[in-house]
Amino acid sequence: MADLKEKVILVTGAAGAIGGAVVTAVKQAGGRAIATDLAAGKGIDVALDVTAEAGWLRLAADIERQHGRLDGLVNAAGIAAVGSIEKTDFAAWRRVLSVNLDGTFLGCKHMFALLRKKGGAIVNLSSVLGMVGSANLAAYSASKGGVSMLSKSVALHGARYQPPVRCNAVCPAFVEGPMVDDIASGTRDAQAVKHKLTLDIPLARLGQPAEVAGLCVYLLSDAAAFITGADLPIDGGLTAR
Ligand SMILES: NC(=O)c1ccc[n+]([C@@H]2O[C@H](COP(=O)([O-])OP(=O)(O)OC[C@H]3O[C@@H](n4cnc5c(N)ncnc54)[C@H](O)[C@@H]3O)[C@@H](O)[C@H]2O)c1
């Protein structure tokens, strides 16, 4: 288990499957998690719409006041919209790009000054669909390609500081949870689609949120001090072929 003792870690999308698992794993590793999602409430410390710049600025000022620094940021908020290039309307495209790419941009941008105070690490939730294409998730694939490349740019900038700010993209294949359920339920035969997703994965199963969270915690920890600018697949072998 990686060690996050005394580290303050901000997590977006913390009411979701992966964000929630990250919060749990951060705490298990001895860290202090600040859990955010659209609405505050059970398990969520702060309401933050990742597309709203003013909210990020407010939160940065609060963290500065309370902790004086930030050690880690996990951008896990995200949405998917099923649709090929022909079936995706412009409004859906904008919604997906706004949450997945603008939200990640705003998080990296407005938390950077706090992260570079003592050095830190950013983990952005990209996807295998940022590495390989998908005919029926046009907007989502584009957004995750953007997240992966943005992460490399942030990593190269963060490497200029001493101590550095590292930044990596985690690229899961399909993971058990509401996002896959929603994608499948938007099709004619949800069970068949979920089964097909599993068939595409050499290890023949979907991922578990806790498995993705474990990789995030490792990347946040000092054990990953020489890893930055990487796209790390956690995909049961999907991108190996
Ligand atoms: N589940 C998968 O199969 C899978 C695979 C690869 C990558 N990912 C990525 O991992 C991340 C987490 O996915 P998940 O499975 O936990 O999804 P999820 O649907 O369980 O959770 C996503 C969370 O994001 C929040 N959210 C949506 N819009 C928001 C906004 N504007 N501001 C703040 N929060 C917002 C939702 O309220 C929700 O709690 C996403 O970026 C997703 O694209 C997921």
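## A predicted model, starting at Arg 58

Arg 58 is exposed, with a relative accessible area of 57%. The model shown here is predicted. Arg 58 belongs to helix α2. Its C-alpha lies 23 Å from that of Val 147, a residue 89 places away in sequence.

**The whole chain**

How many helices and strands does the protein have? There are 7 helices and 7 strands. Read from the N terminus, the elements follow the order β-α-β-β-α-β-α-β-α-β-α-α-α-β. The radius of gyration is 17 Å, close to the 18 Å that the globule rule gives for 241 residues, so the protein is as compact as a globular protein of that length. Along the principal axes, the C-alpha atoms fill a box of roughly 50 × 35 × 35 Å.

Of the 241 residues, 49% count as buried. The exposed surface of the protein comes to about 11500 Å². Carbon and sulfur atoms supply 56% of that surface.

Contacts reach across the sequence. Taking contacts between residues at least 6 apart, 72% join residues at least 24 apart. Charges can be placed too. The protein carries 24 positive and 21 negative side chains. The centres of these two sets lie 4 Å apart.

**Helix α1 and its partners**

Helix α1 spans residues 17-28, which makes 12 residues. From its first C-alpha to its last, α1 reaches 17 Å, close to the 16 Å expected at 1.5 Å a residue.

Which residues of α1 are buried? They are Ile 18, Gly 19, Ala 21, Val 22, Val 23, Ala 25 and Val 26. An α-helix has 3.6 residues a turn, so residues three or four places apart point the same way.

The buried residues of α1 pack against several elements. Four of these are strands: β1 (8-11), β2 (32-37), β4 (72-75) and β5 (120-125). Helix α7 (209-220) is a partner as well. Just after α1 comes Gly 30, with a positive phi of about 90 degrees.

**Two buried residues: Val 50 and Asn 100**

Val 50 sits in the loop between β3 (46-47) and α2 (53-67). Is Val 50 buried or exposed? Its relative accessible area is 7%, and under 20% counts as buried, so Val 50 is buried.

Beyond its neighbours within four places in sequence, Val 50 is in contact with Thr 12, Trp 56, Ala 77, Val 99, Gly 103 and Leu 106. Val 50 and Ala 135 are 27 Å apart, C-alpha to C-alpha, with their positions 85 residues apart in sequence.

Asn 100 is part of helix α3 (residues 90-115). Asn 100 is buried, at a relative accessible area of 1%. Leaving out neighbours within four places in sequence, its contacts are Ala 77, Gly 78, Ile 79, Tyr 140, Ser 143, Lys 144 and Val 147. Ala 77 thus appears in the contacts of Val 50 and in those of Asn 100.

**Back to helix α2**

Helix α2 holds Ala 61 as well. Ala 61 is partly exposed, with a relative accessible area of 34%. His 110 is 49 residues from Ala 61 in sequence. In space the two are 9.8 Å apart, C-alpha to C-alpha.

**Backbone exceptions**

Most residues other than glycine have a negative phi, and most peptide bonds are trans. A few places in this chain depart from that pattern.

Glu 6 has a positive phi, near 70 degrees. Glu 6 is found in the segment before β1. Ala 204 also has a positive phi, near 60 degrees. Ala 204 lies in the loop between α6 (190-199) and α7.

Which peptide bond is cis? The bond from Gln 162 to Pro 163 is cis, with omega near 0 degrees. Pro 163 is in the loop between α4 (138-158) and β6 (165-172).

**Accessibility by residue**

The table gathers values for several residues.

| Residue | Relative accessible area | Class |
|---|---|---|
| Asn 100 | 1% | buried |
| Val 50 | 7% | buried |
| Ala 61 | 34% | partly exposed |
| Ala 204 | 52% | exposed |
| Glu 6 | 53% | exposed |
| Arg 58 | 57% | exposed |

Glu 6 and Ala 204 join a positive phi to an exposed position.

Key: Residues numbered from 1 in each chain as written. Predicted model: local features only at pLDDT ≥ 70, side-chain atom pairs only at ≥ 80, totals over all residues. Heavy atoms only, no water. Helix = DSSP H or I, 4+ residues; strand = E, 2+ residues; numbered from the N terminus. Rg over C-alpha atoms; globule rule 2.2 N^0.38 Å. Buried < 20%, exposed > 50% of the residue type's maximum accessible area, 1.4 Å probe, protein only. Contact = heavy atoms within 4.5 Å. Areas by Shrake-Rupley, 256 points an atom, 1.4 Å probe, with all protein chains shown as cover. Lys, Arg positive; Asp, Glu negative; His and termini not counted. Charge placed at Lys NZ, Arg CZ, Asp CG, Glu CD. Expected span 1.5 Å × (residues − 1).
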